[in-house]
Amino acid sequence: MNSKIRYASLGLLAVTGLYTGVWAYCSPTSWYASFPGLGLSWLPQLGPYNEHLAKDAGAMFLALAVLTVIALRSVHNTRLVQTTGAVWLLFNVLHFSYHVQHLDMYNTRDQILNVVFLAALILLAALLLPALPARQDRTR
């Protein structure tokens with residue numbers, strides 16, 4: 001796997017984990033009211049504020065960020081990079097599948113942005129996994 005792809009994918013995933021994690025853990029009320037930022041707000045539509053849940057989400061994103069930074073510092077450790085990718089991929093596929101089932105609570109712009117950003121995170125994680133070997137035709 002290309003080291004530049006590893007660096008870029010891990011770097012973007014680390015930034016995502018740190019951005020979301022620090023904000024959600026250190027300022028859960030603000031995170032709930034204003035995530036993802038830039039004038040957008042995607043969480044209040046999903047249900048009432050819960051400080052415990054917000055802080056737990058922040059802690060989980062921080063844990064993902066720590067794993068990702070460790071992998072970024074050891075980018076040539078294929079097993080670590082692939083494990084990090086698999087962890088992010090599992091989270092992002094489950095996260096994406098929840099949100100695409102609840103897009104009706106958002107306007108069109110926010111529906112599109114949710115799908116694009118969450119799909120991009122799946123792609124970044126998938127780039128860290130090995131390509132499946134080509135299937136061998138075993139006809140005799």
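What follows is a walk through the predicted model, from its overall build down to a few single residues.

Starting with the big picture, the protein has five helices and two strands. Reading along the sequence, the order goes α-α-β-β-α-α-α, with two helices ahead of the strands and three after them. The C-alpha atoms fit in a box of roughly 60 × 35 × 25 Å along the principal axes. As for how much is tucked away, 33% of the 140 residues count as buried. The accessible surface adds up to about 8700 Å², and carbon and sulfur atoms own 66% of that surface. Looking at contacts with a separation of 6 or more, 64% of them link residues that sit 24 or more positions apart in the sequence.

The strand region brings a couple of backbone oddities. The peptide bond running from Phe35 to Pro36 is cis, and its omega is near 15°. Pro36 belongs to strand β1, which covers residues 36-37. Just past that strand comes Leu38, in the loop between β1 and β2. Leu38 has a positive phi of about 55°, even though it isn't a glycine. Leu38 is also exposed, because its relative accessible area of 88% is over the 50% cut-off.

Further along, Leu46 sits in the loop that joins β2 (40-41) to α3 (51-73). With a relative accessibility of 30%, Leu46 falls into the partly exposed class. Leaving aside residues up to four places away in sequence, Leu46 touches Tyr98, His99, Met105 and Tyr106. Leu46 can also be compared with Val69: the two are 23 residues apart in sequence, and their C-alpha atoms are 30 Å apart in space.

One of those partners, His99, is worth a look of its own. His99 is part of helix α4, made up of residues 78-100. Its relative accessibility is 10%, so His99 counts as buried. With residues up to four places away in sequence again left out, His99 is in touch with Leu46, Asn114 and Leu118. The contact between His99 and Leu46 therefore pairs a buried residue with a partly exposed one.

Next come the charges. The protein carries 9 positive side chains and 5 negative ones, and the centres of these two sets lie 20 Å apart. Even so, the structure holds just one salt bridge. That bridge pairs Arg109 with Asp110, and their closest N and O atoms are 3.2 Å apart. The two partners don't share the same kind of surroundings: Arg109 is partly exposed at 48% relative accessibility, whereas Asp110 is buried at 5%.

Finally, the outside of the protein has a nonpolar patch formed by Ile5, Leu123 and Leu127. Together, these three residues offer about 250 Å² of accessible area. Leu123 is located in helix α5, which spans residues 108-126. At 52% relative accessibility, Leu123 is over the 50% cut-off, so it counts as exposed.

Methods. Residues numbered from 1 in each chain as written. Predicted model: local features only at pLDDT ≥ 70, side-chain atom pairs only at ≥ 80, totals over all residues. Heavy atoms only, no water. Helix = DSSP H or I, 4+ residues; strand = E, 2+ residues; numbered from the N terminus. Buried < 20%, exposed > 50% of the residue type's maximum accessible area, 1.4 Å probe, protein only. Contact = heavy atoms within 4.5 Å. Areas by Shrake-Rupley, 256 points an atom, 1.4 Å probe, with all protein chains shown as cover. Lys, Arg positive; Asp, Glu negative; His and termini not counted. Charge placed at Lys NZ, Arg CZ, Asp CG, Glu CD. Patch = residues over 30% accessible without salt bridge, like charges linked within 9 Å, V, L, I, M, F, W, Y side chains within 5 Å. Salt bridge = Lys/Arg side-chain N within 4 Å of Asp/Glu carboxyl O.
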